[in-house]
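Please look through the sequence and the structure shown below before reading on. The briefing is meant to be read with both in view.

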Amino acid sequence: MTTQREPGTGADGATSHPRWQPGDHILWRYRANGASDVHICRPVTVVRDTPDLLAVWLAPGTPCVRPRLLDGTPVHLEPLETRYTKPRGPVPTTWSGTGVLKLARPGDPWSVWLFWEPGWRFKNWYVNLEEPLRRWSGGVDSEDHFLDIAVYPDRHWEWRDEDEFDQALSVGLIDPGQADRVRRAGREATRLIGRWGSPFSERWTEWRPAPGWGTPRLPPDWHRPPGPPVADEGLPGTIAPSRAS
């Protein structure tokens with residue numbers, strides 16, 4: 001069962017989106033770099049949605065969509081020199097391994113992901129540098145910025161995917177101005193890590209999903225353009241949040 005919630009108007013005059021409730025199923029999507037089409041889609045379960053934080057759970061076995069080269073090669077197996085120049089398209093897949101807890105604060109040019117080993121042994125945080133999330137009626141959209149930061153339980157950190165970031169810049173998927181903004185965002189994130197601010201200082205490593213949460217489905221219109229918030233969850237053509245049973 002879903003709970004109907006009306007959109008309101010924010011201080012900037014823009015229409016605000018309704019808050020989701022714990023257990024709602026939404027979509028966490030990424031656009032292709034330099035394009036408007038969605039090439040990554042992950043159905044997730046809402047853990048918390050407040051004005052300060054969106055937290056979602058990507059459960060093991062969740063049906064997702066990710067890009068694959070048109071010749072059938074998985075993107076990560078393609079040599080870096082041609083990884084971003086060969087044609088690609090989205091294909092269905094399943095999230096394997098342990099689940100991921102994703103945390104995002106409004107306006108931040110990154111989200112923070114928590115990974116566990118089997119048996120809930122905490123592995124690391126992962127700062128995914130990206131465009132600030134855009135909320136819409138069915139979930140959130142962003143664009144990945146290639147460069148990432150891994151943060152470990154002993155509080156040391158390291159840059160990740162610097163080679164991919166440099167290659168994306170060299171082939172024009174990001175321009176020099178955007179690359180500078182991404183680097184500045186990365187430095188800001190490392191300062192947050194250095195002072196051990198939120199969310200690292202919080203007890204998210206102890207969080208566990210509710211036992212009754214089901215696995216979200218991948219809707220057939222997962223790729224549709226984001227629309228405005230909907231007051232009526234029954235409007236045709238919308239992806240209204242579903243509740244985990």
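The points that follow go through some strands, a surface patch and a few backbone details.

The model is a predicted one. Strand 3, which covers residues 53-58, is a convenient place to begin, for it is mostly covered, with six of its six residues buried. Strand 3 pairs with strand 2 and also with strand 6, and the bullet points take up these neighbours in turn.

**Strand 3 and its partners**

- From strand 3, the residues L53, A55 and W57 point one way, while L54, V56 and L58 point the other way, and all of them are buried.
- This arrangement can be read against a general pattern, since in a regular strand the side chains alternate between the two faces of the sheet.
- Strand 2, made up of residues 38-50, runs antiparallel to strand 3, and five bridges join the two.
- Two residues form the link in the hairpin that leads from strand 2 to strand 3, and T50 has L53 in strand 3 as its bridge partner.
- Strand 6, which spans residues 100-104, is also paired with strand 3 in the antiparallel sense, over five bridges, and within strand 6 the bridge partner of V56 is K102.

**Strand 2 and strand 1**

- Strand 2 is largely enclosed by the rest of the structure, because eleven of its 13 residues are buried.
- Strand 1, residues 24-31, pairs with strand 2 in the antiparallel sense over seven bridges, and H25 stands opposite T45 in strand 2.
- The hairpin of strand 1 and strand 2 has six residues between the strands, and in this hairpin G34 takes a positive phi near 75°.

**A charged patch on the surface**

- Five arginines, R181, R184, R187, R191 and R195, gather on the surface in a patch of positive charge.
- One of these residues, R187, has its place in helix 3, which covers residues 176-194.
- R187 has a relative accessible area of 42%, which means that it is partly exposed, given that this term applies between the cut-offs of 20% and 50%.

**Backbone details in the loops**

- As background for this group, most residues other than glycine have a negative phi, and most peptide bonds are trans.
- R155 is not a glycine, and yet it has a positive phi of about 80°; R155 is found in the loop between strand 10 (139-151) and strand 11 (157-160).
- D161, another residue other than glycine, has a positive phi near 60°, and D161 is found in the loop between strand 11 and helix 2 (162-170).
- With a relative accessible area of 25%, D161 is partly exposed.
- The peptide bond that joins S198 and P199 is cis, with omega about 10°, and P199 has its place in the loop between helix 3 and strand 12 (242-243).

Definitions and conventions:
Residues are numbered from 1 along each chain as its sequence is written. This is a predicted model: local features need pLDDT of at least 70, side-chain atom pairs count only at pLDDT 80 or more; totals for chains, interfaces and linings use all residues. Side-chain values use heavy atoms; hydrogens and water are left out. Buried means under 20% relative accessible area, exposed over 50%, partly exposed in between (1.4 Å probe, protein chains only). Helices (H or I, at least four residues) and strands (E, at least two) are DSSP runs, numbered from the N terminus. Two strands pair if DSSP finds at least two bridges between them. Patches are made of residues with over 30% relative accessible area and no salt bridge: like charges are joined within 9 Å, nonpolar side chains (Val, Leu, Ile, Met, Phe, Trp, Tyr) within 5 Å. Accessible areas come from the Shrake-Rupley method with a 1.4 Å probe; for residues, only the protein chains shown count as cover. A salt bridge is a side-chain nitrogen of Lys or Arg within 4 Å of a carboxyl oxygen of Asp or Glu. Lys and Arg count as positive and Asp and Glu as negative; His and the chain ends are not counted. The place of a charge is taken as NZ of Lys, CZ of Arg, CG of Asp or CD of Glu.
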